[in-house]
Each structure stands twice: as C-alpha cells, then as structure tokens.
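Start with the overall fold, then turn to the backbone. A few spots there deserve a closer look.

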Amino acid sequence: MIGLLLVLQTAAATMAAPIPTFIVVRDGGAIASVPVTIDVGQPSVRADALMRAMRGVLITSTNLHYTLSLPRARIDLIDGIPFAKRDTLTIPLTRAPQVRGGQLYLPFQFVTDVIPRYVGGYVYDPALSELRTVTAVASRPTASIQSASSTPVGTATAAPPVANRPVTPQPVFRRPPVRKTVVIDAGHGGPDRGMTGPIGSPAWFVEKDVTLSVAQKLATVLRARGVDVLMTRTTDTLIALADRGKIANSNHGDVFISIHVNAPGYNTAAAAREKGFETYFLAEAKTEDERRVQDMENESVKFETGANAQKGDPLNFIITDMAQNEHLRESSDLALTIQNGLIDVHPGPNRGVQQANFAVLRGSYMPAVLVEIGFGSNQSEATYLSDQDNQRALARNIAQSVLDYLAHYQSRVGGTR
Ligand SMILES: [Zn+2]
C-alpha cells in the first residue's frame, strides 16, 4: 500500500500548480519546449518529444513495450500498464502510458515526478513549468524556444512565452472515489465451458452457466448495498484471461472476485465424492492439489487467440507480479473473510484458503481472489449449486464478506494517514 499512498500524495502536491500548455526542458544551454496535451481531463506529454528535448531516444519494441533511453537511465514502459520500470525498481504511475494516434503519451507525472526522482540530474520547477538539469541556471528563457515536437499537437506549441501564458486551472487528477467498485468475474464463457459434470452421468452441469448466474446475483446484492459493480462478462462470451484483469484495472476496481466451480483431476468413484468450497489468492502454488486447480483454471488460455492471447513476456510478468505482491496481504485477508463467510451457508466441507498462481488474478492491481463455490463433479453438490435459492445464499454471504473486508480495509488505511 505504501506505493499507492505515495502516488496519491504526489497527485495532491501536483494539483496545486495549474497545468501548463507546454513545458520547457532546459538541458545545460539547450532549450526545447514540449507541448502538454489534455485528454479526458488528464494531462500528458508525448514520449518522443520529451525524449528529443532531453537528448534521449524513445525505443519502440514489440508487444506494446517502450523504452525511454536517456544518458543517465533507461525506463521501460508498457502501453496500458500503470507501472514503469527502471532497472529492478518498479515505479507506480498515476495513469498508464497510452498510445493515441500512433504516438506514446506519458502521464504528466513523468515531468513532475518520475524524471526528477528516478532519472536523476533533473528538477521540475512548477512556477516556470520548467524541467531542467540541476546544474543549469534557473531563469526564464530569453532565447527563442525551439519546439521539440516535429508534429505539433493542437495549438499547444503556439502558446505565448511562459510569463505571459494565461493561467487556466484544470482538474488534473481524479480524486479517489468515495464509492467502492467491486469487479466480479464469472469464470469461463463462450466456447470455454469450464468443467462439466457430474461424474458418472450425462453432463447437465456446465460451469460457465453457474458462475454467471452466481456472479449476477452477487452483483445484485452488492449494488443494493451501495457498491459499484463491474462485471467482466454479463453474457455467454469468452473474455481472455489477461483482459479480465485489464478490465478491472482500467475501471479502478477496489476488489476483484472471480467465481468458479471445482472438479477433481480424474474421473474415478473416489473423485466423484470430492466436494466443498475453497477460496484462492494469488501466490506460487504450494501443493499438488493447488497446482491442479491452477492448471485447470489457466486452461482457458488455450481458447484465446491473436491479440487476446497471453504474451509470454518476462518484463510483463515481473511488473504484474510486483504490482500484485503489494496486494498479497490484502488478497489473503479477503480470501479468508470470504471463505469464513461461506461456512454458514455451504454444506461443506470447508477446504480452506489456498494459494495459486492464476493468470486471471495475475493481471489485476488490486486485492484479488478466486472462489471455487463447490464441485460440479459431485452429484449432490452439482444439484446444490444449480438451485437458484442456494446461489442467492452463496452470493449474499460473499457480498457480506466483501463489505466486511472493505470496511476493515478502509479503517486500516484511514489509521495510517
Ligand atoms: Zn473454472
């Protein structure tokens, strides 16, 4: 949570200064201007223009990866991911870098915070809208300012010199929402049916239908209790695993809950008797059984093709893993609260809280859990899970646990401020 608080504090500090229409980059004797563009109320600068002004280079790689290569440092970025990386250090961003019209745009935080803090040798002076090398003399530019942008964006480059520039205060950073947003992910969908059961009879139980039904009931209860809900799917469609987390992130969810139905890894009479509920949070899978569930749920990747498919990129995994690690403690708390909340309503047994490395949880930058609400492979449990009243009871108790968790989490965050 420390990283997030830092971001919020930085945002608050930056809010005091109005956003300029362009900034001046003063590198020793060289002076260049970089336009600031506003997109949906959010200021940003073009990465190529900023790099030119700083005598650096923007390197475009495959898979939406970019590198800001500067004399003193290299910063790695991914389009749409709100984290930057310098060497082994992960830097949380207020917003993700974004490609618009074929150009990479960096959040204004790069100018005010990321470059001064993580590149070194630069300070940002909000009074002059000037990013300068620390050895350079701080003064208003007298020489004609040469635009660093080869293709000017809007009218930004035509703005008057710094001192005469009209000051138009703009809302900069979105304040943290007072209402909480819970992201509900109904497991599987479309051609990916999930598990089918029960063992020993024609497959009348289909996981993707039950997960959607329970997810919708959970959404209904949470909305009635004043919580905003975002569902990764509301119909029988396939959402790529990587996209499920992305949907959650781009909508600023506070909690991510994925609903699934369990099945054993084999079709024997003993396996057919397996039943009970368990809740997972993200971590390396620890036991053979945890690994089985992890592999089963990650199987969905094989249904994904093309742009939706998971890219096996090491940096991507490092960044997402580190982002998720910050929420490990919260995720395990949330998992325990949900698991305990189901004891009253579920026939059981209580299989406890487990750890696994689910692809669906890996992409979400918030406390994230996966609930296996029972075994569809078991005759009696498949019947139990198919019943609408039972689904409503499960949804109600999960919702209560989420509310308890959010209230507890709120008080803890409030206490550290
Ligand atoms: Zn599943």
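P198 sits in the loop that runs between β15 (196-197) and β16 (205-206). Keep in mind that this is a predicted model. The peptide bond joining G197 to P198 is cis, with omega of about -5°.

Now step back to the whole chain. The protein chain has 12 helices and 21 strands. It holds 417 residues, and 42% of them are buried. Look next at contacts between residues at least 6 apart in sequence. Of these, 71% join residues at least 24 apart.

Return to the backbone. Most peptide bonds are trans, and most residues other than glycine have a negative phi. Another cis peptide bond links G348 and P349, and its omega is about 5°. P349 belongs to the loop between α9 (328-342) and β20 (350-356).

Phi angles come next. S129 is not a glycine, yet its phi is positive, at about 50°. Find S129 in the loop between β11 (122-125) and β12 (130-133). Is this loop residue, S129, buried or exposed? S129 counts as buried because it has 21 C-beta neighbours inside 10 Å, and the cut-off for buried is 20 or more.

H188 also has a positive phi, about 65°, although it is not a glycine. Its place is the loop between β14 (181-186) and β15. H188 has 28 C-beta neighbours inside 10 Å, so it too counts as buried.

Definitions and conventions: Residues numbered from 1 in each chain as written. Predicted model: local features only at pLDDT ≥ 70, side-chain atom pairs only at ≥ 80, totals over all residues. Helix = DSSP H or I, 4+ residues; strand = E, 2+ residues; numbered from the N terminus. Buried ≥ 20, exposed ≤ 12 C-beta atoms within 10 Å, placed from the backbone. Contact = placed C-beta atoms within 7 Å.
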